[in-house]
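These are my notebook entries on a structure that I looked up piece by piece. The sequence and the structure come before the entries.

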Amino acid sequence: STFKYIGTNAYWLPTLNTNDDIWNTLANISSLGIKVVRLWAFNDVDTIPVNGTWFQLVQNGTVSVNTGSNGLQKLDTVIQMAEQQGLYVILSLTNNWFPFNTTNTSIPANNSLTRNFLSNNYGGMDLYVRQFGLETHDQFYTNDSILTSFMNYTTQVVSRYVNSPSIFSYELANDARCNSTLPGSTTCTTETITTWHATVAAHIRSIDPNHLVSSGVGGYMCTDCPKLYPLTPPPAPPAASPAPGKKKRKATPVTNAQILRERSERRRRNREAAKVAGTLVEDGVRIRGRWVSSATKRQESQTAGSLYDGSYGVDSQDISNIPDIGFSSFQLFPDQQSYGPDDPNVAPWQNTEQNGAQWITTQAQSAAAVGKPAALTGFGLVTQSNAPAFVPFNSTSAPFASDNREILFEKTTPFEVLSILQANSSTTYGVTSQQQSDTYTTWLNTGIAAGLNGIIQYQWGQSNLTAEPGTSVTPPSTTGEVSTPGSPGQTPTPPEETGESPNDGYSTNGTDNVQQTLSSAVQGIAADS
């Protein structure tokens, strides 16, 4: 049956300190009409923590799973409550990102962040690699001992929910690729990542034939790479005319020529609009009285770039075409990845909006070529108010925090963070709340028009949560201006023992514009169905 939905990410849900907090958070999500919640179904440590949730101990080449009340039983609670709230859950089984040498001591002291606060501090691939005494990130995909251990963990998670009606899909990994904060080897290719997805997907399906399996990749393509699962579509029946107001879906693979042609057409439209407005920017050089394209533009006209050439070791079309993969997945995070060349004739945030919209339509086309539904499993844009909390997925440091002026990106980062480096000055980083809202509206409407089945915002924020030391929701500081001064002769009011959900720069906690935008999109995608 057809199911179209707006969703949200709340990776931290199993780490909340009380069942009431879990219930209230899910109730607030459900009240907006959101139908799907994506969260981490992994929580790996190399040392058992004193407080808080943990699912698996990975230490010196051995692995043990915590099935206790602070382990997988917490995940059980989330699943059961989601079912009662009428919500479906995407369970992501591991993470590409884990920029830590040890679980408890690697976060810089000036951040004062506890374990499980950052989305990348739940263990993941690099924790396995380090604890099994290996060196390159892609050994996670190819080492027999690691693969056996990961399959064992996967078995224990998946077997718990075979008959659960609230599981939407098992997501094999968040943003898998050849490298991470550990480097990849020279032998890692798109076939390495595709083979791993096929192996793990088949394993899950052998345990649980009742639920979907999805990939969780960022959507990177390799238009010219050899395919392990080439497209062999059966003869298509005559296509019915699209409904009024609907676009006819393309069912052809994405090509480099198409990407370049679309970029050129968008640049032409922007130039025409700038001419009318009297704001045209000529960014080339003048020879004999005529403008010629800049070196940057000439270079961009010859290549579609790293998003489409397999540079990340990911061929999302090939992965989506694996028989056991139920739907195509992709992500959109312009603060951490460039999605196309910028046009000087539009504002920076409008470049972000336009490049993101093209990325969405391209992904929908790729999924249609495979013949499967498509879901945007995470999208986000950092605002100026959220900039001090922004921590890139491959880092542990907030580059725009007031007490952290230095950028501490790992040397092996795969992200194109030039915009962040340029903005690390006196200039305020991030878009305004209104620009974020406008961009989200464009992306959501683009996704609905392109035929996406699911669009999942990153990330949900929740206030008034029970705080406990050493957990993802910690008590507020008792120093500075936390306490509320009383009237003369009265004792100041102590800080309440409540806190907010983790925020790595994308939380919508208290951002009414985003919640209104999501609520409107719920109505839009329902109408599209």
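The entries below go from the whole chain to its strands, its disulfides and one glutamine.

**Entry 1: the whole chain**

I note at the outset that this is a predicted model. I counted the elements of the protein chain and found 13 helices and 15 strands. I then looked up burial: of the 529 residues in the protein chain, 54% are buried. For the surface, I recorded an exposed area of about 22100 Å², of which carbon and sulfur atoms supply 50%. Next I took the contacts between residues at least 6 apart in sequence; 79% of them join residues at least 24 apart.

**Entry 2: strand β7 and its partners**

I turned to strand β7, which spans residues 167-171. How many of its five residues are buried? I found that five of the five are, and I entered the strand as mostly covered.

I looked up the pairing of β7 on each partner in turn. Strand β6, residues 88-92, pairs with β7 in the parallel sense over four bridges. Strand β8, residues 212-214, also pairs with β7 in the parallel sense, over three bridges. Y170 of β7 appears in both pairings: L91 stands opposite Y170, and V213 in β8 is the bridge partner of Y170. I then followed the chain from β7 to β8 and saw that it crosses through helix α6, residues 190-207. I recorded this β-α-β crossover as right-handed.

**Entry 3: the disulfides**

I searched for disulfides and found two in the structure. As a reminder to myself, a disulfide is a covalent bond between the sulfur atoms of two cysteines.

One disulfide joins C178 to C188, with an S to S distance of 2.0 Å. Which parts of the chain does this pair tie together? Both C178 and C188 lie in the loop between β7 and α6, so the pair ties together parts that are ten residues apart in sequence. The torsion about the S-S bond of C178 and C188 is about -85°, and I therefore entered the disulfide as left-handed. C178 and C188 are both buried.

Another disulfide joins C222 to C225, with an S to S distance of 1.7 Å. Is this disulfide left-handed or right-handed? The torsion about the S-S bond of C222 and C225 is about 60°, so I entered the disulfide as right-handed. C222 and C225 are both buried as well. With the bonded cysteines numbered in sequence order, I wrote the pairing as 1-2, 3-4.

**Entry 4: a sheet of three strands**

I next examined an open sheet of three strands in the order β3-β4-β5, with mixed pairing. Why does one side of β3 and of β5 lack a neighbour in the sheet? β3 (44-45) and β5 (62-65) stand at the edges and each has a single partner strand, so one side of each is left without a neighbour. Strand β4, residues 56-59, pairs with β5 in the antiparallel sense over four bridges. Within this pairing, I noted V65 in β5 as the bridge partner of Q56.

**Entry 5: Q336**

My last look-up concerned Q336, which is found in the loop between β11 (328-332) and α10 (348-370). Is Q336 buried or exposed? Its relative accessibility is 1%, and the cut-off for buried is under 20%, so Q336 counts as buried. I found a polar contact of 3.1 Å between the side chains of Q336 and Y506. I also checked N394, which is 58 residues from Q336 along the chain. The C-alpha atoms of Q336 and N394 are separated by 9.4 Å.

Note on methods. Residues are numbered from 1 along each chain as its sequence is written. This is a predicted model: local features need pLDDT of at least 70, side-chain atom pairs count only at pLDDT 80 or more; totals for chains, interfaces and linings use all residues. Side-chain values use heavy atoms; hydrogens and water are left out. Helices (H or I, at least four residues) and strands (E, at least two) are DSSP runs, numbered from the N terminus. Buried means under 20% relative accessible area, exposed over 50%, partly exposed in between (1.4 Å probe, protein chains only). Contact means heavy atoms within 4.5 Å. Accessible areas come from the Shrake-Rupley method with a 1.4 Å probe; for residues, only the protein chains shown count as cover. A polar contact is a pair of N or O atoms within 3.5 Å; within protein, one must be able to donate a hydrogen and the other to accept it, and residues adjacent in sequence count only if both atoms are side-chain atoms. Two strands pair if DSSP finds at least two bridges between them. A crossover is right-handed if, with the strands pointing away from the viewer, the path from the first strand over the helix to the second runs clockwise. A disulfide is a pair of cysteine sulfur atoms within 2.5 Å.
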